[in-house]
Amino acid sequence: MAPPNPVAVPYGTTPTERTVMAHALAFLYGAGALLASTTLLLPHSASTEELGVAIPCVLALGVVVALVVGAGRFGVGVLQTILGLGTVLISQCVLFGGDGAAAYALMYVWIALYASYFFRIGAAVAQLAFAAALYAAVLALQDDTPVAATYWLMGMGTVGVGGVMIARLTRAIRAQAADLAAVAQMASGLSDVSEFGRSTCEGLQQSARADVVIMLEPLDDGAGMQVTAMAGAPEAGLVFNGEPAREALQAAYRTGRPQTILTTATGRGRHRFDGTVQGLAQPILRDGRAVGVLALAWTAPRRGLAERVGTAALLFAAEASVAIDRAERLSKDRERAALEINDNIVQGLVVAKYLATAGNVDKAVEAIDETLGRARRLITDQLEAVGHGGGQIAPGDLARSEASSVGDPARA
């Protein structure tokens, strides 16, 4: 029930995703070919070697056709190779662009954006390094390029910054999508609401990469809280035994606002670069009132909490609130059903006793049979409602844990 790790599950694992990747790459190839070829139709520098720029444009159009026709059939590795080919074609345009070479170099940014969005970090870094190496080689071959180092630094710096930004945003979006998918799966896949606490803790632990996650609910007497579910090693749970952690848990429940769990009560007394954040206590709210706390922690303190950790904790706590409300409603429904069964049996037995006292034994037996029949139907309906299957209850289906004391002198 835990959400998939957005880093461990790369984009492009399904034919649909590979089709999206191929179409996006085809769009970049087509746009590059169109823009580069248009520069040859516009007034341009006499130093531009038109054939050297036109050949990459023609090759790019051929790649567009291949990507559109074979969309969905190209693996991620093939698409990485095709993107590398795009870097080569851009470098050729830069090499033969003459005085307009700097304009063609802007297309390196497209390489960074595509690689950072679709590929793993390692593959994206490899694509950027390849582009940086080719751009450096092209600048070295162009003897007339003024301050080549400045061109390379600003060009590749822009490419790198854009790639990092896209990679971070993409990872955050996919992680949140994974959290939403996990919560939706838990909400629809668990028939037993008592299992939801454990699944919620496991889901949040995987999402936040925490060492331990616990769910706490108030005791019946309201004197404190008890752990009702946990994910992670029991030893890791010892971090919640400290006074700062207990204060944060109580404050989250009391105020209804998330509280950062620090290594000390004030977070002071440590070096400024040392980690002081131990975890997070997120209240579980219902109708604006805290009904529990969902807390996560790491055994090694951190310098701060990532934004998506708080978002994930809030998301799982919201779904936990729905599950707790569902469990309470189900408990009340079962209590009402039990009272209904009890009332039917008691009323039937009262009627049977009255008839027997009046000497009408046959009618008394008939009343008892009718009472037992109604009880069987009510109990059968309740068992079907909680998922125990259909079918009528036959004598002996529901065995008592202890023998009845009726008619047993030893129990009288």
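**Exercise 1. Is Arg209 buried, partly exposed or exposed, and at what relative accessibility?**

*Solution.* Keep in mind that this is a predicted model.

Step 1: find the residue. Arg209 sits in the loop that runs between α8 (196-208) and β1.

Step 2: apply the cut-offs. Buried means under 20% relative accessible area and exposed means over 50%, with partly exposed in between. The value for Arg209 is 46%, so this residue counts as partly exposed.

Step 3: look at the backbone. Arg209 has a positive phi of about 55 degrees, although it is not a glycine.

**Exercise 2. Take stock of the whole chain before going into detail.**

*Solution.* Step 1: count the elements. The chain holds 11 helices and five strands.

Step 2: consider burial and surface. The chain has 412 residues, and 35% of them count as buried. Its accessible surface comes to about 23,000 Å², with 60% of that belonging to carbon and sulfur atoms.

Step 3: ask how far along the sequence the contacts reach. Among contacts between residues at least 6 apart in sequence, 62% join residues at least 24 apart.

**Exercise 3. Work out the strand order of the sheet, and explain why one side of β2 and of β3 has no neighbour in the sheet.**

*Solution.* Step 1: write down the order. The five strands form an open sheet, β2-β1-β5-β4-β3, with antiparallel pairing.

Step 2: find the edges. β2 (225-232) and β3 (259-262) each have a single partner strand, so one side of each is left without a neighbour in the sheet. On average, neighbouring strands are turned by 20 degrees against each other, direction ignored.

Step 3: go through the pairings.
- β1 (residues 212-218) and β5 (residues 289-302) are joined by five bridges, and Ile214 stands opposite Ala295 in β5.
- β4 and β5 are joined by nine bridges, and here Leu285 faces Ala290 in β5.
- β3 and β4 pair over four bridges, with Thr260 opposite Leu280 in β4.

Step 4: add the helix. Helix α9 (residues 243-255) lies across β1, β2, β3, β4 (277-286) and β5, and it runs at about 175 degrees to β3.

**Exercise 4. Compare Arg286 with Asp287: which is buried, and which is exposed?**

*Solution.* Step 1: place both residues. Arg286 lies in strand β4, whereas Asp287 belongs to the loop between β4 and β5.

Step 2: read the accessibilities. Arg286 is at 15% and therefore counts as buried. Asp287, at 79%, counts as exposed.

Step 3: put each in its setting. Nine of the 10 residues of β4 are buried, so to speak a mostly covered strand. The hairpin of β4 and β5 has two residues between the strands, and in it Asp287 takes a positive phi near 55 degrees.

Step 4: look for a distant partner in sequence. Arg286 and Val322 are 36 residues apart in sequence, yet their C-alpha atoms are 8.0 Å apart in space.

**Exercise 5. Describe the largest nonpolar core and say which element gives the largest share of it.**

*Solution.* Step 1: pick out the best-connected members. This core has 42 residues, of which Tyr29, Leu67, Val94 and Tyr108 touch the most other members.

Step 2: list the contributors. Two or more residues come from each of α1 (15-41), α2 (50-69), α3 (76-96), α4 (101-104), α5 (108-118), α6 (121-141) and α7 (148-189). The largest share, eight residues, is from α1.

Step 3: zoom in on one member. Beyond its neighbours within four places in sequence, Leu67 is in contact with Ala22, Leu25, Ala26, Tyr29, Phe74, Leu79 and Ile82.

Step 4: do not stop at one core. A second, separate core has 23 residues, including Ala208, Val291, Leu296 and Ile324.

**Exercise 6. Check the length of α3 and find what its buried residues pack against.**

*Solution.* Step 1: compare the spans. α3 has 21 residues and reaches 31 Å from its first C-alpha to its last, close to the 30 Å expected at 1.5 Å a residue.

Step 2: find the buried residues. Among them are Leu79, Ile82, Leu83, Leu89, Ile90 and Val94, together with Gly84 and Gly86.

Step 3: name the partners. The buried residues of α3 pack against α1, α2, α4, α5 and α6.

Step 4: see what comes next. α3 is followed by Gly98, which has a positive phi near 65 degrees.

Technical notes: Residues numbered from 1 in each chain as written. Predicted model: local features only at pLDDT ≥ 70, side-chain atom pairs only at ≥ 80, totals over all residues. Heavy atoms only, no water. Pairing = 2+ DSSP bridges. Axes fitted to C-alpha atoms, helices over the stretch in contact; angles between N-to-C directions. Contact = heavy atoms within 4.5 Å. Core = buried A, V, L, I, M, F, W, Y, C linked by side-chain atoms within 4.5 Å. Buried < 20%, exposed > 50% of the residue type's maximum accessible area, 1.4 Å probe, protein only. Expected span 1.5 Å × (residues − 1). Areas by Shrake-Rupley, 256 points an atom, 1.4 Å probe, with all protein chains shown as cover.
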